[in-house]
Amino acid sequence: MKRSNVAFATMSLLVAVGAVPTVVACGSDEGGSLANPTSDTSPTVPTDPGGHRGEDGGSVQGNGPGHSSGIPCDVDAILAKDCRSCHGASPTAGAPNALVTWEDLQAGAKSEPSKKEYELTKSRTHDDARPMPPPPNTRLSASDQAVIDGWVAKGAPKSSEVCGTSSQPSGDGTEPLSCNPDLHFAPAAPYEMAQNQLDQYVCYGVDVPAAAAKHIVAFAPKIDNKKIVHHVLMFRSPTAVSGTPTACSAGGSLQWSLMFGWAPGGKNMYMPAEAGYPLDSKATSHFVVQVHYNNAMALAGQKDATGMDMCTAAPRKYEADVVAFGSMNFTIPPNAAYSRTCTLTVPQSMDGRTFVAAMPHMHNLGTAIDTKLTPKAGGAEVDMGGVTNWNFQNQYWLPVTATAKAGDTITTHCAWKNTTSASVKFGENTEDEMCYSFTMYYPKVTAPLFSWMTPSLTASCK
Ligand code: HEC
């Protein structure tokens with residue numbers, strides 16, 4: 001039986017995908033070697049010649065050709081390049097404010113009303129704990145930072161320069177796939193978010209009927225309503241889940257296993273050339289798409305039908321899978337900083353596995369998480385992904401290059417700061433905590449009773 005929310009074109013797909021084993025690219029705060037999805041879009045092309053704002057903006061004009069926004073052009077170019085993908089005239093991805101006109105920058109900040117937006121523009125671009133732009137976007141270059149700092153130091157004076165940049169977002173980080181997407185997931189009906197709801201996790205299921213054996217080899221999120229979509233996860237589920245979007249817990253159900261995740265600034269994912277996620281050729285495959293919504297602007301009547309486009313291909317050499325390192329076994333005492341170090345001795349069943357990407361996951365009290373592999377044979381520790389300034393609002397895949405041998409140890413360190421007066425344990429709700437590093441690897445372990453949770457359940461913690 002074919003469900004309405006999956007469109008599966010059974011055309012044969014011969015396009016070679018990703019000759020290099022690419023995973024979703026994630027910049028580091030230090031501006032490392034990875035592609036920055038937003039800064040490569042410059043120079044910004046004017047796409048809003050009228051210079052008027054989106055339907056949610058006021059009457060203030062943007063800085064299209066012929067208009068001055070009041071912002072000096074050197075500052076404006078930086079905001080256009082690095083900020084307006086979220087802080088455009090109609091802010092997206094949970095950003096609470098536009099950074100388009102001089103008036104926008106003179107307004108009181110939402111998070112700190114005693115400060116002006118231009119003051120926070122300076123402090124947040126310097127803030128290593130809560131940086132703007134948020135990861136995985138690359139931080140401002142030193143020269144761009146100097147331009148912002150210099151203008152703010154003068155009190156952010158109004159300029160009459162006409163710059164011709166756009167008030168529109170310069171790109172959302174999601175590009176068309178280089179393969180031919182032939183599998184499309186969408187909710188059975190759009191989800192409508194209540195105006196007074198700030199944060200919401202919503203899930204819908206998609207069933208793919210049994211067909212010829214195939215692997216999913218690339219993912220591209222189809223973000224519908226950028227004003228409220230904060231991040232998207234996709235899971236495999238052992239059972240069917242309703243196709244109608246319904247509230248669910250952060251991170252999904254423990255029965256589901258993670259396949260892909262996207263946050264603003266993240267990119268499409270191409271699986272490594274020798275691995276893919278299988279579609280069942282004998283039974284229906286069940287999947288779940290989880291969308292985290294954030295209605296920071298308290299907009300009315302926001303609907304969304306975010307989905308996922310994928311490419312399928314003839315089965316690759318290996319099945320890919322995701323496991324979690326870390327633990328469920330911790331109790332964070334009230335009003336205290338606390339950390340837990342959990343070590344797994346790699347079992348024979350995981351011998352020779354190649355790890356390609358990691359998405360660390362904690363909730364709001366988390367401060368840092370990292371995972372390292374220590375070879376039994378000696379030699380250097382291998383980084384398996386870490387976040388030194390954990391921010392629940394920004395979760396993304398980190399590239400990993402590691403191969404595990406039986407007897408190696410994989411150690412995950414999680415740190416929290418419990419600001420509540422109750423102790424906090426592991427759990428699926430946002431008020432509970434987690435210590436997981438979801439890690440994509442291949443070939444999938446087929447040992448009986450092995451699940452994505454096994455590495456975390458069998459780790460010993462102290
Ligand atoms: C990927 C999306 C994204 C990009 C790009 C981005 N921001 Fe943000 N920004 C957010 C989100 C989400 C928030 C709200 C959560 C928070 O404060 O961390 C925010 C909050 C802010 C705030 C606080 C606003 C208030 O009223 O409290 C400032 C100031 C800010 N950003 C400045 C910037 C600047 C300057 C840039 C570019 C150098 C930038 N941001 C780039 C998403 C983004």
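1. A donor, in this note, is an N, O or S atom within 2.8 Å of the metal. The model is a predicted one, and the protein donors of the ligand's iron atom in it are NE2 of His87 and SD of Met132, which lie 2.0 to 2.2 Å from that iron atom.

2. The two protein donors come from distant parts of the chain, 45 residues apart: His87 belongs to the loop between helix 1 (73-82) and helix 2 (102-106), whereas Met132 belongs to the loop between helix 3 and helix 4 (142-153).

3. What is the geometry of the site of the iron atom of the ligand? The site is octahedral, with six donor atoms and angles of 88 to 178 degrees among them.

4. Turning to the surroundings, the ligand sits in the largest pocket, and there are 26 residues around it, of which Cys83, Cys86, His87, Ser111 and Met132 come nearest. The residues of this shell comprise 13 that are nonpolar, eight that are polar and five that are charged, and helix 3 (residues 117-126) gives the most to the shell, contributing five residues.

5. Oxygen atoms of the ligand also pair with side chains of the protein: an N or O atom in the side chain of Ser111 is 2.5 Å from a ligand oxygen, and an N or O atom in the side chain of Glu117 is likewise 2.5 Å from a ligand oxygen. For Arg124, the distance between an N or O atom of the side chain and an oxygen atom of the ligand is 2.7 Å.

Notes. Residues numbered from 1 in each chain as written. Predicted model: local features only at pLDDT ≥ 70, side-chain atom pairs only at ≥ 80, totals over all residues. Heavy atoms only, no water. Near = heavy atom within 4 Å. Polar contact = N/O pair within 3.5 Å; in protein donor to acceptor, adjacent residues only side chain to side chain. 1 Å grid on protein atoms, 1.4 Å probe; cavity = no way out; pocket = protein on both sides within 12 Å on 5 of 7 lines; lining within 4 Å. Sits in = over half its atoms within 2 Å of the grid points. Helix = DSSP H or I, 4+ residues; strand = E, 2+ residues; numbered from the N terminus. Nonpolar A, V, L, I, M, F, W, Y, C, P; charged D, E, K, R; others polar. Donors = N, O, S within 2.8 Å, 3.2 Å for Na, K, Ca; no water. Tetrahedral: all angles 85-135°; square planar, octahedral: opposite > 155°, others 65-115°.
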